[in-house]
Amino acid sequence: MTNTNQRPVEAGIVSDFSKRLSYADYLSLDGLLAQQRPLSQPQHHDEMLFIVQHQVSELWIKLVIHELTAAIENIRHDRLPSTLKILSRVKLIQMQLFEQWAVLETLTPSEYMEFRSVLGSASGFQSYQYRKLEFLLGNKNADTIKVFAHDAAIHDDLRRVLESPSLYDEFLRYLSRHGYKIADECLERDWSQPYSRNEALVETFREIYRSPKQHWEAYEMCEKLVDVEEYFQLWRFRHLKTVERIIGFRHGTGGSSGAGFLRQALELTFFPELLASRTEAPRE
């Protein structure tokens, strides 16, 4: 009798990889899958979840950095349509980062405490990529790179991004080049300092939103930036609620106040005028 619950292997499928690049070779899976090394002794079952969750987050953040770096370069060269495509992708990656907190939320307080001690002082605050991502989006704070002083290459890279225009800075410079009224202090300043809201710029964005057909590319870019900010804040909020669910109000492993420290981040904004302009921005 023929077994119908089986898919036959097609004759054309390649099976000899002695001299060919394989799937595992291309993705460097030997190295990638060897990086999950729980430290608890005896090994606690849920530590693997904790490690994989954070490693996957770092991979997604690596991709966001890759995309935003390209977006900034595109804006510098007036390639706004390409930037819009990139930011659409960034939003979808952010959705992945948001949704995966649900997996970590299956970790209960008692399960986490079984292996929390092996983390020592390790903390997400020390994520080099997260800091770089925030700098690219404009949340500049020179004090945050002190924890990377032990690694000159990382410290220097963060210093470079800290002192460079952010995504929003470059967009404002793009608008100025294309005839929009942008204050001089928005165009040339100390890029290492956090961006401060400019009231005159609020009116510029209101005009864009009043006549979207007339300012279509700028209007679309504004909406993409609002997407990025919203989903970043949703990610921050989900992180906060996950931490509260698992450790309550204990201090963080890296010395922070834990949930209280994460809650403060919800007050930070990347593109303040884009939100302020919505107070009075009727459509055509």
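What volume does the largest pocket have? It comes to about 1,500 Å³, and 47 residues line it. Keep in mind that this is a predicted model. The protein is built from 14 helices and zero strands, and the notes below go from the overall build to the pockets, then to helix H7, the salt bridges and one buried phenylalanine.

**Overall build**

- Reading along the sequence, you get the pattern α-α-α-α-α-α-α-α-α-α-α-α-α-α.
- Taken along the principal axes, the C-alpha atoms fill a box of roughly 70 × 55 × 40 Å.
- The protein has 284 residues, and 43% of them are buried.
- About 16,500 Å² of the protein is exposed, with carbon and sulfur atoms supplying 54% of that area.
- If you take the contacts between residues at least 6 apart in sequence, 71% of them join residues at least 24 apart.

**The largest pocket**

- Looking for its centre? Of the lining residues, the closest to it are His54, Ser123, Gly124, Phe125 and His239.
- Several helices chip in: H3 (47-76), H5 (101-104), H7 (128-137), H12 (216-247) and H13 (259-265) each supply at least two lining residues.
- Helix H3 provides the largest share of this lining, with eight residues.
- By class, the lining of the largest pocket splits into 22 nonpolar, 17 polar and eight charged residues.

**The second largest pocket**

- The second largest pocket holds about 230 Å³ of space.
- Its lining is made up of Leu32, Leu33, Gln35, Gln36, Val52, Gln55, Val56, Glu58, Leu59, Lys62 and Gln129.
- H3 turns up again here, giving the most to the lining of this pocket with six residues.
- Sorted by class, the lining of the second largest pocket has five nonpolar, four polar and two charged residues.

**Helix H7, a wrapped-up helix**

- Nine of the ten residues of H7 are buried, so this helix is largely enclosed by the rest of the structure.
- The buried residues of H7 are Gln129, Tyr130, Arg131, Lys132, Leu133, Glu134, Phe135, Leu136 and Leu137.
- What covers these buried residues includes H3, H8 (152-162), H9 (167-177) and H12.
- Gln129, one of the buried residues of H7, is also among the residues lining the second largest pocket.
- Just after H7, Gly138 takes a positive phi of about 110°.

**Salt bridges**

- How many salt bridges does the structure hold? There are 22.
- Inside H7, the side chains of Arg131 and Glu134 meet in a salt bridge, at 3.0 Å from N to O. The two sit three residues apart, about one turn of the helix, and both Arg131 and Glu134 are buried.
- Glu134 also meets Arg236 in a salt bridge, at 2.5 Å from N to O. Glu134 lies in H7 and Arg236 in H12, so this pair ties together parts that are 102 residues apart in sequence. Both Glu134 and Arg236 are buried.
- Over in H3, Arg76 forms a salt bridge with Glu73, with the closest N and O atoms 3.3 Å apart. Arg76 and Glu73 are three residues apart in that helix, about one turn.
- On the spacing: an α-helix has 3.6 residues a turn, so residues three or four places apart point the same way.
- Are Arg76 and Glu73 buried or partly exposed? Arg76 has 35% relative accessibility, so it counts as partly exposed. Glu73 has 32% relative accessibility, so it counts as partly exposed.
- Arg76 and Glu73 also belong to a network of salt bridges that links Glu73, Arg76, Glu170, Arg173 and Glu188.

**Phe171**

- Phe171 is found in helix H9, and H9 is among the helices covering the buried residues of H7.
- At 0% relative accessibility, Phe171 counts as buried, because buried means under 20%.
- Setting aside neighbours within four places in sequence, Phe171 is in contact with Ile75, Phe205, Ala218, Met221, Cys222 and Leu225.
- Phe171 and Ala71 are 100 residues apart in sequence and 10.0 Å apart in space, C-alpha to C-alpha.

Definitions and conventions. Residues are numbered from 1 along each chain as its sequence is written. This is a predicted model: local features need pLDDT of at least 70, side-chain atom pairs count only at pLDDT 80 or more; totals for chains, interfaces and linings use all residues. Side-chain values use heavy atoms; hydrogens and water are left out. On a 1 Å grid over the protein atoms alone, a cavity is a set of points where a 1.4 Å probe fits but cannot get out, and a pocket is an open set with protein on both sides within 12 Å along at least five of seven lines; lining residues have an atom within 4 Å of a point. Grid points are joined across faces, edges and corners, and a volume is the space filled by probe spheres set on the points. Helices (H or I, at least four residues) and strands (E, at least two) are DSSP runs, numbered from the N terminus. Ala, Val, Leu, Ile, Met, Phe, Trp, Tyr, Cys and Pro count as nonpolar, Asp, Glu, Lys and Arg as charged, and the others, Gly among them, as polar. Buried means under 20% relative accessible area, exposed over 50%, partly exposed in between (1.4 Å probe, protein chains only). Contact means heavy atoms within 4.5 Å. Accessible areas come from the Shrake-Rupley method with a 1.4 Å probe; for residues, only the protein chains shown count as cover. A salt bridge is a side-chain nitrogen of Lys or Arg within 4 Å of a carboxyl oxygen of Asp or Glu.
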